[in-house]
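Colleague: I've got a structure open and I'd like to learn how to read it. Could you walk me through it, one feature at a time?

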Amino acid sequence: MKVKKWKLASFLIPCLLLFGLIYFIPMCMVFGSSFFEWKAGGIFRFVGLENYIQAFTSDSRMLHALRNTVIWVVLQSVVHVALGTVIAFMLARRRRGWKILRTVYMIPNVISSAALGVIFLNVFNAKYGLVNSIISALTGEDFSKNWFFDQNSAFITVTLTWLLYTGMIIILVLAGVLSISEDVVEAARIDGANEMQVNMRIRLPLLRTVLGTSVILAATSMLKEFELIYLTTNGGPGDTTINLPLYLYKTSMTDNNYGYANMMGVVLIVAGIVVVYAINRLFRMDEADY
């Protein structure tokens, strides 16, 4: 039975309307208003590229937020994914207790960001925090350090609140490893390949698209990271831990400068498109594994 094309198209209309109302129209408004001076109680005045020029030439806070965002995207794409991949390969051997380890690594992914932020504020607390208590016990001296609000340690401390917790990456890579045909692995072993060679030359190449997907998820998560930074340091001390989403929030909600904030929104959208496109090309996501 042949179905007419207009009948098939009619099923897409509700989805297209929802997409237009929720995503496309607001994105067009964000893009358009980024070329205007738009402040609460002020006039709505066209300024062209002035917001963009100011952001990338004279706004040191914007440049600092952009630098932090880029660093976190790179760290999340490389260290976060690499750690998750290594643990996934360990779990794939199904040694005793592997299910327990898999569950433990998933716990931070199922806890809300608010609860996770409170946990880390207590772990790194200057007076009774777990980290300071361990250092005091090891050194035999009373050690007190305010990790989140010390300019020398704030950036790395905030980074540790998400960098090592790779539960989602582990699940994705582990599923990919377990889906690889054992015939391929056995053929490599018959040819004399050891376990390291099987992992590096057989499994990893066959996991190219899975790893590419993992890197995309990791990188884009850093382009929208907000809650943990806001709850732990609020971008401080100074602007040590500020990133683009947090700066956008402060610009719109605190400074009421909506035109400038929307300019940052456009920068984030463009950055997301560029990152996804670059990763797709790097991992050749459109090519078959076999």
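Modeller: Sure. Begin with an inventory: the protein chain has 14 helices and 2 strands. Keep in mind that this is a predicted model.

Colleague: What are the spans of the C-alpha trace along its principal axes?

Modeller: They come to about 80 × 75 × 30 Å.

Colleague: And how do I get a feel for the fold from percentages?

Modeller: Look at burial, then at contacts. Of the 290 residues in the chain, 38% are buried. Among contacts with a separation of 6 or more, 67% link residues 24 or more positions apart.

Colleague: Let's take a single helix. How does the length of H11 compare with what is expected at 1.5 Å a residue?

Modeller: Compare the end-to-end reach with the expected span. H11 covers residues 208–223, which is 16 residues, and its first and last C-alpha atoms are 23 Å apart, close to the expected 22 Å.

Colleague: Which residues of H11 are buried?

Modeller: Here you check relative accessible area, with under 20% as the cut-off for buried. The list for H11 includes Arg208, Thr209, Leu211, Gly212, Val215, Ile216 and Leu223. In total, 12 of the 16 residues are buried, so H11 is largely enclosed by the rest of the structure.

Colleague: What do those buried residues pack against?

Modeller: Five helices: H3 (60–92), H8 (167–179), H10 (195–206), H13 and H14.

Colleague: Two of those are H13 and H14. At what angle do their axes cross?

Modeller: For a helix pair, read the distance and the angle together. H13 (residues 244–254) and H14 (residues 258–282) have axes that come within 8 Å and cross at roughly 160°. Angles over 145 degrees count as roughly antiparallel, so H13 is roughly antiparallel to H14. The crossing is left-handed.

Colleague: Which residues of H13 and H14 meet?

Modeller: On the H13 side you have Leu244, Pro245, Tyr247, Leu248, Thr251 and Ser252; they meet Tyr258, Tyr260, Ala261, Met264, Gly265, Val267 and Leu268 of H14. Sorted by class, this contact has 10 nonpolar residues, 3 polar and no charged.

Colleague: Could we try another pair? What is the angle between H9 and H10?

Modeller: H9 (residues 182–190) packs on H10 at about 145°, with the axes 10 Å apart. The crossing of H9 and H10 is right-handed. Val184, Val185, Ala188 and Arg189 of H9 make the contact with Glu195, Val198, Ile202, Arg203 and Leu206 of H10. The classes here are 6 nonpolar, no polar and 3 charged.

Colleague: Now single residues. Where does Phe143 lie?

Modeller: Place a residue by its element, then its exposure, then its neighbours. Phe143 is in the loop between H6 (130–139) and H7 (154–160). Its relative accessible area is 29%, which makes Phe143 partly exposed. Leaving out residues up to four places away in sequence, Phe143 touches Asn132, Ile135 and Ser136. You can also check a C-alpha distance: Phe143 and Ala126 are 17 residues apart along the chain, and their C-alpha atoms are separated by 8.6 Å.

Colleague: And Ile107, which helix is that found in?

Modeller: Ile107 belongs to H4 (residues 98–110). With 41% relative accessibility, Ile107 counts as partly exposed.

Colleague: How far apart are the C-alpha atoms of Ile107 and Glu37?

Modeller: Those C-alpha atoms are separated by 44 Å, for two residues 70 apart along the chain.

Methods
Residues numbered from 1 in each chain as written. Predicted model: local features only at pLDDT ≥ 70, side-chain atom pairs only at ≥ 80, totals over all residues. Heavy atoms only, no water. Axes fitted to C-alpha atoms, helices over the stretch in contact; angles between N-to-C directions. Helix = DSSP H or I, 4+ residues; strand = E, 2+ residues; numbered from the N terminus. Parallel < 35°, antiparallel > 145°, perpendicular 65-115°, else oblique. Left-handed = near helix turned anticlockwise from the far one by under 90°. Contact = heavy atoms within 4.5 Å. Nonpolar A, V, L, I, M, F, W, Y, C, P; charged D, E, K, R; others polar. Expected span 1.5 Å × (residues − 1). Buried < 20%, exposed > 50% of the residue type's maximum accessible area, 1.4 Å probe, protein only.
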